[in-house]
Amino acid sequence: MRNFAWMLVAAGVVAASPPASAQGVLNVYCSVQAEWCTLVANEFQKATGVKVSITQKGSGETIAQIKAEAQNPKGDVWFGGTGDPHLQAAEENLTEIYKSPKMSELQPWAVKQNTDSGGKTVGIYMGALGYGYSTELLAKKGVKPPACWADLLKPEFKGEIQMANPNSSGTAYVAIATLVQLMGEEKAFDYLKKMHANVNAYTRSGTAPMKAVARGETGVSISFVHDGVTEALAGFPVKTATPCEGTGYEIGSMSIIKGSRNLANAKKFYDWALTPEAQKLEAQAKQFQAPSNKATPVPPEAPKFADMKLIDYDQAKYGKSAERKRLIARWDSEVGSLPKP
C-alpha cells in the first residue's frame with residue numbers, strides 16, 4: 001500500500017482520502033507548487049466532501065494536455081499557472097464560460113482577466129518577474145548581483161544563468177513577452193541570443209532555476225520573485241531583484257475545462273478557490289504571490305509591488321494563441337536551437 005502511494009506521488013497525482021459522505025469527484029490540473037496543490041485538494045475535500053484528484057504540471061504542459069484531450073476531457077478545473085496560456089485556452093474554446101458570484105470581491109486585475117477571456121478564466125494571484133541570485137556563489141566569484149536586464153549580458157555571468165524553456169514553462173514565456181514589450185521584438189531577440197552565451201540550462205519548469213540558485217548549482221535565475229522568498233525562508237542563501245528597466249508579471253489564473261464531466265463540482269471548487277479562506281492556503285504552503293480576493297491577508301514576506309517598476313503588461317495580446325505560438329517558435333529557431341556555449 002505504501003509503495004502504491006509513492007507511485008501516485010511520483011506520477012504527479014495526489015488523491016486525498018475520501019470522507020465518509022462523498023459528494024462526487026473532481027479532477028484538478030494544478031500548475032502551482034505541489035505543496036499548494038495538495039493543500040487545496042485536502043481542504044476543498046474537507047469542506048465539501050468532494051473527492052479530489054490532482055495532476056501537477058507546469059502551465060505549458062497543462063495546456064498541451066488539455067488540447068490533446070479536447071475530444072475526451074479528463075480534467076475538470078485548471079488551477080494556477082501563468083495567465084497567458086489560460087487566455088489561449090479560452091480563445092481556442094477549451095474552457096467554459098463561468099461568472100462566479102465571488103467576482104465582486106476580487107482585485108481589478110483578476111476581474112480584467114475574466115473580461116479579457118470572455119468570461120472563461122479568472123485571476124487567482126499575481127506575481128512579478130525578476131531574478132534570484134545566490135549570495136554565496138556570487139560572493140565567492142566576486143561578482144556584483146544583477147540589478148538590470150543589461151547586467152545579465154556581462155561576461156562575469158557566463159555559464160551562471162538559468163531560465164526555463166517556454167515550450168513547457170509559462171514563466172519563460174512571460175519573460176520573452178516582457179522583453180518584447182520592453183525593448184521591441186528585434187532588440188528583445190537580439191538580447192536573448194546574447195544572453196544565451198551566459199545560460200547553462202533551459203529547464204522544463206519555471207521554478208527549477210530558482211531551486212538551482214538555492215542549492216548553489218547556478219548563480220542567477222530568471223524567475224518570479226515570490227519563488228525566491230520561498231527558498232530564502234527555507235534557509236537558502238537566496239536574494240531576489242526586479243530589473244531597473246522594468247519588468248512584467250503573471251496573473252495566475254483558473255479555468256473550468258470545456259466538457260467537464262463534473263461541472264457542478266467544478267463550479268463549486270471555482271467559487272471556493274476565490275474565497276479568502278482558500279487563498280490563505282497559499283501562504284500556508286510557503287507561496288507568496290499577491291492573492292486576488294481583496295480580503296485575503298497578504299503575508300509580510302510577500303514581494304512589494306509598490307517597490308517595483310512594472311510595465312503595462314498586455315495580457316490580452318500576449319495571451320492570444322497566434323502570438324504565443326509565434327514568439328515561442330521564433331525562440332525555438334533563433335535561441336533554443338543555438339549550440340550550447
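Reader: What makes β2 and β4 count as paired strands?

Author: In this predicted model, three bridges join β2 to β4, and the two run parallel. Pairing requires at least two bridges between two strands, so β2 and β4 qualify. Within this pair, cysteine 30 stands opposite phenylalanine 79 in β4.

Reader: How do you know that strand β2 and strand β3 pair, and in which sense?

Author: Strand β2 (residues 25-30) and strand β3 (residues 51-56) share six bridges in the parallel sense. At least two bridges are needed, and therefore this counts as a pair. Valine 28 faces isoleucine 54 of β3 across it.

Reader: Why is the crossover from β2 to β3 called right-handed?

Author: From β2 the chain passes through helix α2 (residues 34-48) and arrives at β3, a right-handed β-α-β crossover. The term is used because, with the strands pointing away from the viewer, the path from the first strand over the helix to the second runs clockwise.

Reader: Why are phenylalanine 79 and phenylalanine 269 called an edge-to-face pair?

Author: A search of the whole structure finds 12 aromatic pairs. For phenylalanine 79 and phenylalanine 269, the ring centres lie 5.9 Å apart and the planes stand at 80 degrees. Centres within 6.5 Å make a pair, and planes over 60 degrees apart make it edge-to-face, so both conditions are met. The two rings come from distant parts of the chain, 190 residues apart: phenylalanine 79 from strand β4 (residues 77-79) and phenylalanine 269 from helix α11 (residues 263-273). Both residues are buried.

Reader: What makes tyrosine 131 and tryptophan 149 an edge-to-face pair?

Author: Their rings are 6.1 Å apart from centre to centre, with 90 degrees between the planes. Because the limits are 6.5 Å for a pair and over 60 degrees for edge-to-face, the name applies. Tyrosine 131 belongs to strand β5 (residues 122-134), and tryptophan 149 to the loop between α6 (135-141) and β6 (161-164), so the pair ties together parts 18 residues apart in sequence.

Reader: How do you know whether tyrosine 131 and tryptophan 149 are buried or exposed?

Author: Tyrosine 131 has a relative accessible area of 0%, and tryptophan 149 has one of 1%. Buried means under 20%, so both residues are buried.

Reader: Which residues form an aromatic cluster?

Author: Trp36, Phe44, Phe79, Tyr125, Phe269 and Trp272 form one aromatic cluster.

Reader: What makes arginine 324 lie over the face of tyrosine 173?

Author: Arginine 324 is 4.7 Å from the ring centre of tyrosine 173 and lies over the face of that ring. The distance condition is within 6 Å, so it is satisfied. Arginine 330 lies over the face of phenylalanine 189 in a like manner, at 4.4 Å from the ring centre.

Reader: Which residues have the most contacts inside the largest nonpolar core?

Author: This core has 74 residues, and those with the most contacts inside it are Phe79, Leu152, Met195, Ile222, Met254 and Phe269. Helix α7 (residues 170-183) gives the largest share, eight residues. Beyond its neighbours within four places in sequence, phenylalanine 79 is in contact with residues including Val28, Cys30, Trp36, Ile124, Met254 and Phe269. Another core, of seven residues, lies apart from the largest one, with Ile63, Ile66, Trp78 and Ile257 among its members.

Reader: Why is helix α10 described as largely enclosed?

Author: Seven of the nine residues of α10 (residues 225-233) are buried, so the rest of the structure largely encloses this helix. Its buried residues are Val225, His226, Asp227, Gly228, Val229, Thr230 and Glu231. They pack against β5, α9 (208-214), β8 (220-224), β9 (238-241) and β10 (249-256).

Reader: Why is threonine 95 called buried, whereas asparagine 93 is called partly exposed?

Author: Threonine 95 has a relative accessible area of 0%, under the 20% limit, and is therefore buried. Asparagine 93 has 40% relative accessibility, which falls between 20% and 50%, so it counts as partly exposed. Threonine 95 is in the loop between α4 (83-91) and α5 (108-116), and asparagine 93 is also found in the loop between α4 and α5.

Reader: What is noted about the phi of asparagine 93?

Author: Asparagine 93 has a positive phi of about 60 degrees although it is not a glycine. Most residues other than glycine have a negative phi. Lysine 286 likewise has a positive phi of about 60 degrees without being a glycine.

Terms used:
Residues numbered from 1 in each chain as written. Predicted model: local features only at pLDDT ≥ 70, side-chain atom pairs only at ≥ 80, totals over all residues. Heavy atoms only, no water. Helix = DSSP H or I, 4+ residues; strand = E, 2+ residues; numbered from the N terminus. Buried < 20%, exposed > 50% of the residue type's maximum accessible area, 1.4 Å probe, protein only. Phe/Tyr/Trp six-rings, centres within 6.5 Å; stacked < 30°, edge-to-face > 60°. Lys NZ or Arg CZ within 6 Å of the ring centre and 35° of its normal. Core = buried A, V, L, I, M, F, W, Y, C linked by side-chain atoms within 4.5 Å. Contact = heavy atoms within 4.5 Å.
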